[in-house]
Amino acid sequence: MVTALGWLTLVALPLAAAALLAWWWQQERHASVRTAILCYHRLVVDDRAIGNSAAPADDEQGWVVTQAEFRSQIAALVGAGIPIVDLDAWLAARSGREPMARRSVILTFDDGYTSALELAVPVLQQYGAKAVFYIAVAPDAESHEKIAGRDSFLSADQIAELHRAGHTIGSHTMTHCLLRELDAEAVDWQLRESKSRLAKMVGAPVDHFCIPRAGGLPRHRRAIAAAGYLTATGNAKGTADLGHDLLRLPRHTVVRGTSGARLLRDLAPAGQVRARCAGELRRLASALLGPRLAYGVRQRLYHSPARHLLGPQQLATTLSFLGALWLLAAVAFVIWQLPCQC
Ligand SMILES: [Zn+2]
């Protein structure tokens, strides 16, 4: 006679085995030729600067890194022999025109904050590295409010200066809008107007796009391609291989408190699988609740005691721990259920 708990175990064990198999397969996949597209937003001088206008708000732990952390991350990548490539070089390698290292990194900065120019660019110069800056041409009031007194948006001259220094300028829409809140005509305007305004600012074509806030839908990707962009990044997590869909390029968000050594661990295959699991969970929440509500829930959790378990870095570890606990409990239950031979 199989009890209800027995049935539960019978279902749980194959599921656990499937999860382990998926984990192993993902690790294998992440161990092939892959490029991590790192996602940054703002930088601050120092985390100890609390009380000073450059200090990050609590809800910014996923969006701000200190200059010292950034320097340590770039030094670690260079020290580990992981090349920092620019997006156009990566596209050339993808089409077989240039060789590609087994592991490489592309640096991207979203939104167009002055702090990225003032604090990240000097570090990039020091190491001879280039980055992609996704610019929201005329950010809306909500975007300005979020950084009021703490940062500002790049001017047209500063954007041109970044381009002259060899960095890539990409579009992040006109107003930093949520594409899924707009009709097709408005989406098209956001895509095309930002592309042409930025191209005029830098005197060169703008081929790369980044979908703001919690991603886009398949119809948005079709619109992005129709507007003439070659690539699009969004909120999908993970690393890109050479066959990846160019309009769904995944990224790895670098969060506050990430040392160089930690970044290397995060970019290793096991770290990438963990980050992907956490990212999919967020995407699921976003799909179920809508991006705004999901963001609100996340911010509430960041301000609750649960933040110690649910921070961007800890979430993956928490999930792995709960998964391992569940597996152990299932195995223990099966042993307990085995008929006694004594
Ligand atoms: Zn953004």
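What follows is a chat between a visitor and a guide about strands and core in a predicted model.

Visitor: How many helices and strands does the chain have?
Guide: The chain has 13 helices and nine strands.

Visitor: What makes strand 1 "largely enclosed"?
Guide: A residue is called buried if 20 or more other C-beta atoms lie within 10 Å of its own. Seven of the seven residues of strand 1 pass that test, so the strand is largely enclosed by the rest of the structure. For the chain, buried residues make up 36% of the 342 residues.

Visitor: Which residues of strand 1 point which way?
Guide: Arg34, Ala36, Leu38 and Tyr40 point one way, while Thr35, Ile37 and Cys39 point the other way, and all are buried. In a regular strand, side chains alternate between the two faces of the sheet.

Visitor: How do you know that strand 1 pairs with strand 4?
Guide: Pairing takes at least two bridges found by DSSP between two strands. Strand 1 and strand 4 (residues 103-111) have seven, in the parallel sense, so they count as a pair. One of the partnerships is Tyr40 with Phe109 in strand 4.

Visitor: What makes strand 9 a partner of strand 1 as well?
Guide: Two bridges join strand 1 (residues 34-40) to strand 9, and the cut-off is at least two, so they pair too. These strands run parallel. Leu38 stands opposite His252, and Cys39 stands opposite Thr253.

Visitor: Which strand besides strand 1 is joined to strand 9, and by how many bridges?
Guide: Strand 8 (residues 231-237) is joined to strand 9 by two bridges, again running parallel. Here Lys237 has Arg251 as its bridge partner.

Visitor: Why is strand 9 called "mostly covered"?
Guide: Strand 9 covers residues 249-253, and four of its five residues are buried.

Visitor: Which residues touch the most other members of the largest nonpolar core?
Guide: Of its 60 residues, those are Leu38, Ile106, Ala116, Ala120, Phe133 and Ile135. Helix 4 (residues 114-127) gives this core its largest share, six residues.

Visitor: What is Ala120 in contact with, beyond its neighbours within four places in sequence?
Guide: Ala120 is in contact with Tyr40, Leu43, Phe70 and Phe109. To be called contacts, the C-beta atoms must lie within 7 Å, so each of these four is within that distance of Ala120.

Visitor: What share of the chain's contacts between residues at least 6 apart in sequence join residues at least 24 apart?
Guide: That share is 69%.

How values were computed. Residues are numbered from 1 along each chain as its sequence is written. This is a predicted model: local features need pLDDT of at least 70, side-chain atom pairs count only at pLDDT 80 or more; totals for chains, interfaces and linings use all residues. A residue is buried if 20 or more other C-beta atoms lie within 10 Å of its own, exposed if 12 or fewer, and partly exposed in between; C-beta atoms are placed from the backbone. Two residues are in contact if their C-beta atoms, placed from the backbone, lie within 7 Å. A nonpolar core is a set of buried Ala, Val, Leu, Ile, Met, Phe, Trp, Tyr and Cys residues joined through C-beta atoms within 7 Å.
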